[in-house]
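Trainee: I have a model open and would like to learn how to read its strands. Could you walk me through them?

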Amino acid sequence: RNILVKCNDDFTVPNGINRAIFDKGFTGNVTIQNNVRKVIFPRDYSHVVTIPPTLVLMDLGSHAIPVFTDNAVKFGQNLKTLKISITHISFVPSSVTDLTLYDDSDIDTGEYTSLCNLVNIEKLVIINNAIFDLGDVLCNLKNLRKLYISRYYNRIRLPENLKSLTIRNVFNQIMEFPKSLTFLWLPLRYKHPIGVLPNLKYLHIKKCDSIPVGINKLLCCRLTGGMGAYGAITHLYLMGTFNSVIVEYPPNLTYLHFGYEYDKPTHNLPPKLTYLMLGSCFNSAITLPDSIITVVFGMRFNQPVLLPNGVQTVRFRAGFDQLVDFPDSITELKLGVQAYTETKFPPNLKKLVISCGFKGDLPKATSIYVYGSMSRNLTWFGDTLTTTSNDPILPYLSKLWMCFKVKCIKWGKTKYKFFHNQDIRTIK
């Protein structure tokens with residue numbers, strides 16, 4: 001059982017609750033019963049906390065200044081996951097294996113040297129401050145397998161058994177990466193060679209001069225050299241400014257995501273591709289492989305396109321106004337603002353997203369979502385639907401329910417759900 005606490009009075013978390021979450025602005029004192037295992041406090045919580053020895057997860061937020069009722073107890077030795085400010089690192093028990101440190105200071109406080117004593121840590125997350133210097137501090141953490149740092153400038157020496165490394169934003173230091181790495185996420189400003197990493201499976205980097213042989217997920221902005229030889233790659237993300245012709249794709253590629261600037265004729269997509277997402281600038285001719293299951297087009301796309309039999313999800317954006325022959329296999333469809341009134345919808349449609357300006361007949365579908373201006377008169381079913389009600393969509397909803405048995409519809413930010421007694425209720 002979970003509980004969300006929104007009051008501002010002193011509160012005792014009762015037995016039988018697995019996880020207690022205190023809402024933003026909570027200011028009362030808290031007593032946690034012995035059987036409670038997980039507690040999450042708001043960002044600025046700074047009141048008295050009584051902590052049971054059974055606790056296995058606690059999130060104290062980045063600005064929290066807890067006042068412990070028994071400093072001798074602090075946290076019990078059952079605690080495994082802790083999120084706490086760096087200024088309270090002395091409270092961290094040796095039992096913690098998953099540690100998140102919030103650091104809002106703009107100087108190196110020297111607190112990070114205490115990390116070398118937490119030898120059981122397997123996952124370490126450091127949020128915010130980029131000024132601190134880890135240096136060789138992490139070398140003693142032989143059990144550390146996953147490291148995430150949101151911002152970092154300085155040199156760092158990593159433990160030899162590390163499996164996952166993420167350093168975001170500003171890092172650009174030449175370093176030697178552990179050969180045990182299977183996941184590596186480096187910021188786009190990182191410009192140095194990564195070396196030979198035989199176990200790497202996932203790589204995020206700006207420019208990739210040579211792709212590690214065994215990698216199966218690659219995210220980058222620039223590629224040099226061919227990719228046909230890299231049969232292990234199944235997921236490819238070509239981010240941001242990438243706008244080059246790819247002569248040969250990895251033969252086993254199943255997931256392909258282009259960034260916003262890509263706009264090249266695309267006719268040689270790999271035969272095993274099941275998911276394709278095109279960026280906002282793409283407006284060129286494209287040939288889809290028969291294997292495709294999901295295709296998402298960008299904002300500017302407005303070209304004739306042949307959808308293969310077997311595709312299940314198709315999403316066009318606002319600028320698309322071509323007449324398309326939709327295969328019967330489609331279950332989810334999103335159309336542009338200027339969709340044709342003579343559009344023939346597939347018979348197995350489960351979800352439809354459509355503009356409020358569409359003037360054709362709607363299909364039978366489980367869910368229909370409408371986007372666009374609410375000020376436009378609707379002419380569906382041959383009538384202009386108006387009302388003096390504060391919500392002009394309600395008469396239309398009633399007719400939609402009676403004619404098409406639609407179960408729910410989203411109008412702007414409001415979602416309406418239909419019940420069997422034809423009562424229409426707003427879901428916040």
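Mentor: Happy to! Strands here are DSSP runs of E, at least two residues, numbered from the N terminus. Keep in mind that this is a predicted model. As a starting case, Thr 313 lies in strand S23 (residues 313-315).

Trainee: Is Thr 313 buried or exposed?

Mentor: The cut-off for buried is under 20% relative accessible area. Thr 313 has 11%, so it is buried. Leaving aside residues up to four places away in sequence, Thr 313 touches Ile 293, Thr 294, Val 295 and Glu 332.

Trainee: Which way do the side chains point along strand S3 (residues 19-22)?

Mentor: They alternate: Ala 20 and Phe 22 point to one face and are buried, while Arg 19 and Ile 21 point to the other and are not.

Trainee: Which residues stand opposite those two buried ones?

Mentor: Phe 22 in S3 has Val 5 opposite; strand S1 (residues 2-5) runs parallel to S3, joined by four bridges. For Ala 20, the bridge partner is Val 39 in S5. S3 and S5 (residues 38-40) also pair in the parallel sense, over three bridges.

Trainee: How many residues of strand S10 (residues 98-103) are buried?

Mentor: Six of the six, so S10 is largely enclosed by the rest of the structure. Asp 98, Thr 100 and Tyr 102 point one way, Leu 99, Leu 101 and Asp 103 the other, and all are buried.

Trainee: What pairs with S10?

Mentor: Strand S9 (residues 81-85) pairs with S10 in the parallel sense over five bridges, with Lys 83 partnering Thr 100. Six bridges join S10 to strand S11 (residues 123-128), also parallel, and there Asp 103 has Asn 128 as its bridge partner.

Methods:
Residues are numbered from 1 along each chain as its sequence is written. This is a predicted model: local features need pLDDT of at least 70, side-chain atom pairs count only at pLDDT 80 or more; totals for chains, interfaces and linings use all residues. Side-chain values use heavy atoms; hydrogens and water are left out. Buried means under 20% relative accessible area, exposed over 50%, partly exposed in between (1.4 Å probe, protein chains only). Two strands pair if DSSP finds at least two bridges between them. Contact means heavy atoms within 4.5 Å.
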